[in-house]
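Got your viewer open? Load the model below and we'll click through it stop by stop.

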Amino acid sequence: MEVLLVPKYLFIRILEACNAGCFMCDFRHSKDEYRLSKEEYYKILTRSFEEGIRFVRFTGGEPLKHELIIDFVSIATSMGIKSSIISNGYYLTEYAEQLKEAGLSQIIVSIDGATALSHNRFRQTPDLFERAIEGLKKCKELKIRTRVNTVAGPHNYEELIRIQELLTNIGVDQWELSALKLNRPLKYSEDVRQRIISDIDYLYNVGPAQGLLKPMGKVWCGQTEEERTRYFEKGIPPTPDNVCNYVYYVRYYDAKNGYLFPCSMLPHRIDRHETNVYMKPANFTTISEEMQEKVEFFSKNGCNICQGCSASAAGFVGSGEDWEC
Ligand SMILES: C[S@@+](CC[C@H](N)C(=O)[O-])C[C@H]1O[C@@H](n2cnc3c(N)ncnc32)[C@H](O)[C@@H]1O
């Protein structure tokens with residue numbers, strides 16, 4: 001057994017319910033009634049802090065639909081744990097001031113289209129784009145760090161440069177541009193593939209050299225020729241190079257089902273995973289021997305199991321020290 005590495009980041013899926021109908025998401029329009037309770041959250045967070053976790057990220061479902069979200073942020077702040085929320089942004093303007101007061105460090109808003117017309121169609125939710133953009137601006141004003149997550153694919157590749165301009169104009173701090181994952185392989189014609197590849201240079205080099213926001217991590221459809229072929233021919237997004245060290249720093253807790261993963265990318269696909277990549281902790285802990293074995297297994301074999309991760313997780317090479325919440 002190698003030295004036990006202490007994870008720093010904990011993702012918690014605090015509910016599955018969601019107001020949005022995003023075409024690609026397992027939780028679209030979910031009316032699920034599960035909500036993580038305050039007692040359970042407190043237990044999880046206290047234990048996590050003792051074990052070295054210093055950042056918590058709330059996900060769902062839509063975290064802003066959880067009636068205790070402000071309390072969850074306050075509790076994290078009072079323990080010295082920084083917090084962030086990943087949200088579709090629908091309720092953001094309404095909660096932004098309370099979130100700031102509770103000490104929220106970062107808001108991550110999902111934006112997949114450059115206009116209300118396209119974004120609201122991809123996400124099957126009227127007014128979502130307008131409300132998400134307003135919420136992002138409000139968070140900027142309040143000095144909450146802002147990040148946008150864009151899931152790129154055949155539906156929106158033509159809009160990515162316009163999204164980059166939009167986010168730059170708003171002054172968004174970070175942009176994670178990641179590949180759409182579906183249960184079936186994605187299909188791209190040769191023409192589309194060429195168009196995407198020619199836009200990459202603008203998105204990652206030319207645009208940023210002119211002051212536009214640079215996407216984080218690896219190029220969304222693959223950094224190398226080999227990765228791009230894999231993506232365009234098999235639909236597999238980029239992975240870390242050789243071994244995955246992301247798993248040493250991150251835990252993802254699916255609170256409803258009690259599953260703990262050594263990665264934030266896997267959990268939406270639990271039905272297609274072998275049990276050796278997650279565990280059901282009897283007493284919540286992020287660093288048990290059982291988890292350590294999974295981390296080591298996953299670090300070596302994960303890239304063949306996970307079918308690709310988000311561009312920033314794929315590009316993660318640091319020690320975790322430089323991660324900002
Ligand atoms: C499941 S959502 C939960 C948080 C929140 N409701 C939101 O919309 O951001 C978390 C992230 O997963 C992304 N996501 C959902 N389905 C996906 C898929 N099939 N492929 C890639 N990303 C996906 C969403 O776009 C979002 O950025």
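This is a predicted model, and the tour goes from the ligand to the core and then to one helix.

**Stop 1: the ligand.** Select the ligand and bring up what surrounds it: you should get 16 residues. Label Met-24, Cys-25, Asn-88, Ser-110 and Asn-149, which are the closest. Now color by secondary structure: β3 (82-87) and β5 (145-152) are the elements that give two or more residues to this shell. Switch to coloring by residue class, and the shell splits into eight nonpolar, six polar and two charged residues.

**Stop 2: the core.** Next, pull up the largest nonpolar core, a set of 88 residues. Ile-12, Val-56, Ala-132 and Cys-263 have the most contacts inside it. Highlight residues 128-141 too: that's helix α5, which gives the most to this core, with six residues.

Which residues is Ile-12 in contact with, leaving aside its neighbours within four places in sequence? Select Leu-36, Val-56, Phe-58, Tyr-253 and Ala-255, and you have them. Val-56 turns up again here, having already been listed among the residues with the most contacts in the core.

**Stop 3: helix α2.** Move to residues 69-79 and show side chains for Ile-69, Phe-72, Val-73, Ile-75 and Ala-76, which are buried. Look down the axis: these residues cover an arc of only 160 degrees, so they sit on the same side of α2. To see what covers them, turn on α1 (38-50), β2 (55-59), β3 and α3 (92-102), which are among the covering elements.

Last click: Gly-80, which follows α2 and has a positive phi, near 85 degrees.

Technical notes: Residues are numbered from 1 along each chain as its sequence is written. This is a predicted model: local features need pLDDT of at least 70, side-chain atom pairs count only at pLDDT 80 or more; totals for chains, interfaces and linings use all residues. A residue is near a molecule or strand if its C-beta atom, placed from the backbone, lies within 6 Å of it. Helices (H or I, at least four residues) and strands (E, at least two) are DSSP runs, numbered from the N terminus. Ala, Val, Leu, Ile, Met, Phe, Trp, Tyr, Cys and Pro count as nonpolar, Asp, Glu, Lys and Arg as charged, and the others, Gly among them, as polar. A nonpolar core is a set of buried Ala, Val, Leu, Ile, Met, Phe, Trp, Tyr and Cys residues joined through C-beta atoms within 7 Å. A residue is buried if 20 or more other C-beta atoms lie within 10 Å of its own, exposed if 12 or fewer, and partly exposed in between; C-beta atoms are placed from the backbone. Two residues are in contact if their C-beta atoms, placed from the backbone, lie within 7 Å. The arc is that of the directions from the helix axis to the C-beta atoms.
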